[in-house]
Amino acid sequence: MQVSKTTKKQHVNISIPKEVVVEILQRVPCKDLFETLKKVCMQWCSIIYSGSFAYSHVECRILKSSSSFSQLEAVVIVSIDGTRSVTVSGLEWHNSLPNYSDENWETKYMYTLDINVLDFPPQVITVNSVNGFVCFWSCNACLHVCNPLTEEYFTTPPYTYENRFVPLCLAAVGFGFCQLSYEYKVVVLHEDGEGFESVEIKPLVFTVGTDRSWRSLKAIPDTKFYTRHEKGVHVKGVLYWYMESCTLPSCRSKIIKSLICFDVSKEEVVTIMVPAELDSLEGGGRYVSRIAEKGGNLCLVNISYGPICSLLMKVYIADTSTDLSSFNSWKNEFNVTIPNMAYNISIMNSWFVSIVTDVMLVIQIMSESEIFIDVATGMLLSARILYGSASFIPYVPSLVSLFHRPPLLNSSFTC
């Protein structure tokens, strides 16, 4: 006689500590968190939507972006022919590299912004990105801030100075983050005066979500941008602009190079001369300099002539906690030689550095194209043609919202 034993399956309820769940979710890309994992349970949804998690998550991504190109995404803002609108689209670029001269990269439509201007088509200028938000300027003197992942966006009113409409006087623009109040500020530097004698740079500031109008700050005297529409770089609560200026018309060959530094919290401006050692090349020659952000650090890129129709790029990283006017505060991170690159000095002056990582350089040539350069070999991996008045803005994706505040100021979060 056989006796059969039946075993009863027991359901074991395993409770994972919240700290462990947070640690696991910190390692998941933003897109998966926002589209899928927030639906798993109320606890996960609450964590993902909290400001403390969002800010710590983007901080980890920013640090990783110094060596990983795959951590970065991009949007393309394009004017719509025959209308007064621009479209914001996500650029699917990682699957396209390294296909050289790929003009048909895939974009994902996000939304359309109306820009009420008289000129056709409406024009946009890339500003910069902070904490997953991207910022761009439009020709109606408004600035637009949006999170491409969550599609949250905000548009400032047109900026004016002394009741004058001043979009044509734009010298530089930047988008910054106040680490004390967790507020985002848009800063515009515009020139007041003509010629080389009575020119002043006048800053205007708008705090997103707080101000209803632009605020004028103390002017920066005896300052004139040699180039127009300079884009800011935001590093650790400070906005930086690279400025090339000259004091007299007859001395245009002698360019003064400096950094304009705007403390977002204090709303104070300091001008710092670029060290002379960074302002020269071995054997002389013509070159241009641009600033960019690399893994949460300020970097300076010198682009110069190289041998046999090549370009030489020297990348310096700054220790922003020290005196930036000292050469010891700058470290030569790496050099890149790009062979067989046909160019001229007028094109070089129109170059802007969009991305600097340990593996990739992305350079925008005017508003016409983006080129992707391998740091190790200097080879051109891919190129994207920007049609019309399109602008290209790289960013680190994040779940940060404009209403997020520090944990002590934000006792609860809505799921």
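**Entry 1: Val-375**

I started with Val-375, which I found in the loop between β26 (369-374) and β27. The strand labels are DSSP runs numbered from the N terminus (E, at least two residues, for strands; H or I, at least four, for helices). I noted that this is a predicted model, where local features need pLDDT of at least 70, side-chain atom pairs count only at pLDDT 80 or more, and totals for chains, interfaces and linings use all residues. Residues are numbered from 1 along each chain as its sequence is written, and side-chain values use heavy atoms, with hydrogens and water left out.

Is Val-375 buried or exposed? I read off 12% relative accessibility, so Val-375 counts as buried. The cut-offs are under 20% relative accessible area for buried, over 50% for exposed, and partly exposed in between (1.4 Å probe, protein chains only). I then looked at Thr-357, which is 18 residues from Val-375 along the chain. The C-alpha atoms of these two residues are 8.3 Å apart.

**Entry 2: the sheet beside that loop**

Next I traced the sheet that holds β26 and β27. I found an open sheet of 4 strands in the order β24-β25-β26-β27, paired antiparallel. Two strands pair if DSSP finds at least two bridges between them. Which strands sit at the edges? They are β24 and β27 (380-385), and each pairs on one side only.

I looked closer at β24. Strand β25 (residues 360-365) runs antiparallel to β24, and 5 bridges join the two. I picked out one facing pair: Phe-352 stands opposite Gln-364 in β25.

**Entry 3: a second sheet**

I moved to another open sheet. Here 4 strands follow the order β4-β5-β6-β7, again with antiparallel pairing. β4 and β7 (152-155) are the edge strands, each pairing on one side only.

I checked the pairings in turn. β4 and β5 are antiparallel and share 5 bridges. Val-130 faces Phe-133 in β5. The hairpin of β4 and β5 has 2 residues between the strands, and Asn-131 in this hairpin takes a positive phi near 50°.

Strand β5 (residues 133-138) also pairs with strand β6 (residues 142-147), antiparallel, over 5 bridges. I found Leu-143 in β6 as the bridge partner of Trp-137. For Cys-135, the partner in β6 is Val-145. The hairpin of β5 and β6 has 3 residues between the strands, and Ala-141 has a positive phi near 65°.

Why is β5 largely enclosed by the rest of the structure? I put it down to burial, because 6 of the 6 residues of β5 are buried. I sorted the side chains by direction. Phe-133, Cys-135 and Trp-137 point one way from β5. Val-134, Phe-136 and Ser-138 point the other way.

**Entry 4: cysteines**

I searched the whole structure for disulfides (pairs of cysteine sulfur atoms within 2.5 Å). How many are there? The search finds 0.

I asked why Cys-41 has no bond. The closest cysteine sulfur, in Cys-45, is 8.6 Å from the sulfur of Cys-41, so it is too far for a bond. Cys-41 is partly exposed, at 31% relative accessible area.

Cys-135 is also in no disulfide. The nearest cysteine sulfur belongs to Cys-146, 8.6 Å away. I noted that Cys-135 is buried, with a relative accessible area of 0%.

**Entry 5: another hairpin**

I went on to strand β18 (residues 256-263) and strand β19 (residues 268-273). They pair in the antiparallel sense over 6 bridges. Phe-262 lies opposite Val-269 in β19. The two strands form a hairpin with 4 residues between them. In the turn, Glu-267 has a positive phi of about 55°.

**Entry 6: the largest pocket**

Last, I looked for pockets (open sets of points on a 1 Å grid, where a 1.4 Å probe fits, with protein on both sides within 12 Å along at least five of seven lines). The largest pocket has a volume, the space filled by probe spheres set on the points, of about 940 Å³.

How many residues line the largest pocket? I read 46, each with an atom within 4 Å of a point. Ser-129, Val-130, Val-233, His-234 and Glu-293 lie nearest its centre.

I noted the elements that each supply at least two lining residues, including α4 (51-64), β4 (124-130), β16 (233-235), β20 (287-294) and β24 (351-356). The lining divides into 23 nonpolar, 16 polar and 7 charged residues.

Terms used:
Nonpolar A, V, L, I, M, F, W, Y, C, P; charged D, E, K, R; others polar.
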